[in-house]
Amino acid sequence: MLLVEPRRLACNKLPIQPVDKGGWLAIEATGISGADVQMWKGDRPDVLYPLVLGHQVVGRIAVSDGSLPFEVGTRVVVEPELRCGVCSRCTNKVGGCRNRRPVNSYGRLPSTEPPGLWGGLAEFLYLDPSCRMHAVSDDVSAEVATFIHPLAAGYTWAVELAALLPSERVMVLGPGPRGLACVLAALGAGAEWVGVSGLDVDEDRLRTASNLGAHLTVNATTEDVAESVADHLGSRPDVVIDVTSDDPEAMFTALDLVRSGGRVVLASTKGNRPVHFFSDLIVTKQLTVRGALGATTAGYTWASEQAATDKRIDHLVSHQFPLGESQRALQAAAGILGHEELISVAVTF
Ligand SMILES: [Zn+2]
């Protein structure tokens, strides 16, 4: 399903070319993320069309040149980001490899980049020799395995980047799949208290956060988040994570809400718009502010193991669509088809 231009998907046949290096993955399922929705809508300025969307891929290795870390037939999740290992981003060990444009990542590379199949909304994905993959148990259904992707981000953001210690208190702004993943990861790492805020439309996701073990959920449309947290916790959280969707206000809330000396993880972009804010708050409160982009390999290792053992994850993929209904899958993930019972969306094959 080629995204020819914003909001226009077309069923296409791209040949599976013989490749010198790497291999091919037979895709079983692909999760739809907020970033996919933004690219489908045309809200990302750096996207080159046409492209095959989808970076939360689960599948089975169908062809390998022998250099891949697993045998043909192994079921894997593939990390979205590719790394050349030599560009400045790679040598500085940060994401966003610049080796291929606009971003060296599955679901982002245009289909004009050979061999063309760089996204999860297709039957096959090219396995670049630099891709990293993780084996997934056959006991985990394909759609549930797509949740390994947000789960890996949750661990990276709430545990690794937040440098979370057991018995600390964590507030998560935004109850989307990655926000819920932050809840699971923080609780798994021994957080003493976890709160989550969302909007009116997030009622079902906030209920899910409670079911996963969150101690407080706040409807930010009708309640004051800072007041609710103060009432419930009696103090300020050690860590606040902004996992909202394109909401500049959430950054101010995060900086305001966190305790002095605390950590703020910003995992949400603000639509490429300039945001004016009061930076003295960072100085006077002596905060650590971390930008978060994607998940680490350690996050994927944790998430792959967690998916095989944590039955709560089975309920986090609420909507499934066949490949031919990718347009509806994107509409569902965008909330256009309604928010009732919407947790996360997968396209399955
Ligand atoms: Zn690189």
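The following paragraphs describe the two domains of a predicted model, the contact between them, and a zinc site.

The domain assignment divides the protein chain into two parts. Domain 1 is built from two separate stretches of the chain, residues 2-147 and 317-348, whereas domain 2 covers residues 150-291. Taken over C-alpha atoms, the centres of domain 1 and domain 2 are separated by 27 Å. The contact between the domains involves 12 residues from domain 1 and 11 residues from domain 2.

The size of an interface is often given as the accessible area lost when the parts come together. For domain 1 and domain 2, this buried area is about 1100 Å², and 55% of it lies on carbon and sulfur atoms. On the side of domain 1, the residues that lose the most area to domain 2 are F147, H339 and I343; together these three account for 55% of what that side buries. F147 belongs to the stretch 2-147 of domain 1, while H339 and I343 belong to the stretch 317-348.

The chemical character of the contact was also examined. The side of domain 1 that touches domain 2 comprises four nonpolar, six polar and two charged residues. Between the two domains, zero salt bridges are counted, but four residue pairs are in polar contact.

A zinc ion is also present in the model. The zinc ion is coordinated by the SG atoms of C84, C87, C90 and C97, at 2.3 Å. Along the chain, these donors follow the spacing C-x2-C-x2-C-x6-C. The arrangement around the zinc ion is tetrahedral because the four donor atoms subtend angles of 104 to 117°. The four cysteines fall within the stretch 2-147 of domain 1.

Key: Residues are numbered from 1 along each chain as its sequence is written. This is a predicted model: local features need pLDDT of at least 70, side-chain atom pairs count only at pLDDT 80 or more; totals for chains, interfaces and linings use all residues. Side-chain values use heavy atoms; hydrogens and water are left out. Domain bounds come from an automatic or database domain assignment. Contact means heavy atoms within 4.5 Å. Buried area is the accessible area (1.4 Å probe) that two parts lose on being put together, summed over both. A salt bridge is a side-chain nitrogen of Lys or Arg within 4 Å of a carboxyl oxygen of Asp or Glu. A polar contact is a pair of N or O atoms within 3.5 Å; within protein, one must be able to donate a hydrogen and the other to accept it, and residues adjacent in sequence count only if both atoms are side-chain atoms. Ala, Val, Leu, Ile, Met, Phe, Trp, Tyr, Cys and Pro count as nonpolar, Asp, Glu, Lys and Arg as charged, and the others, Gly among them, as polar. Donors are N, O and S atoms within 2.8 Å of the metal (3.2 Å for Na, K and Ca); water is not among the atoms, so sites may look incomplete. Four donors count as tetrahedral if all angles lie between 85 and 135 degrees; four count as square planar and six as octahedral if opposite donors are over 155 degrees apart and all others between 65 and 115; anything else is irregular.
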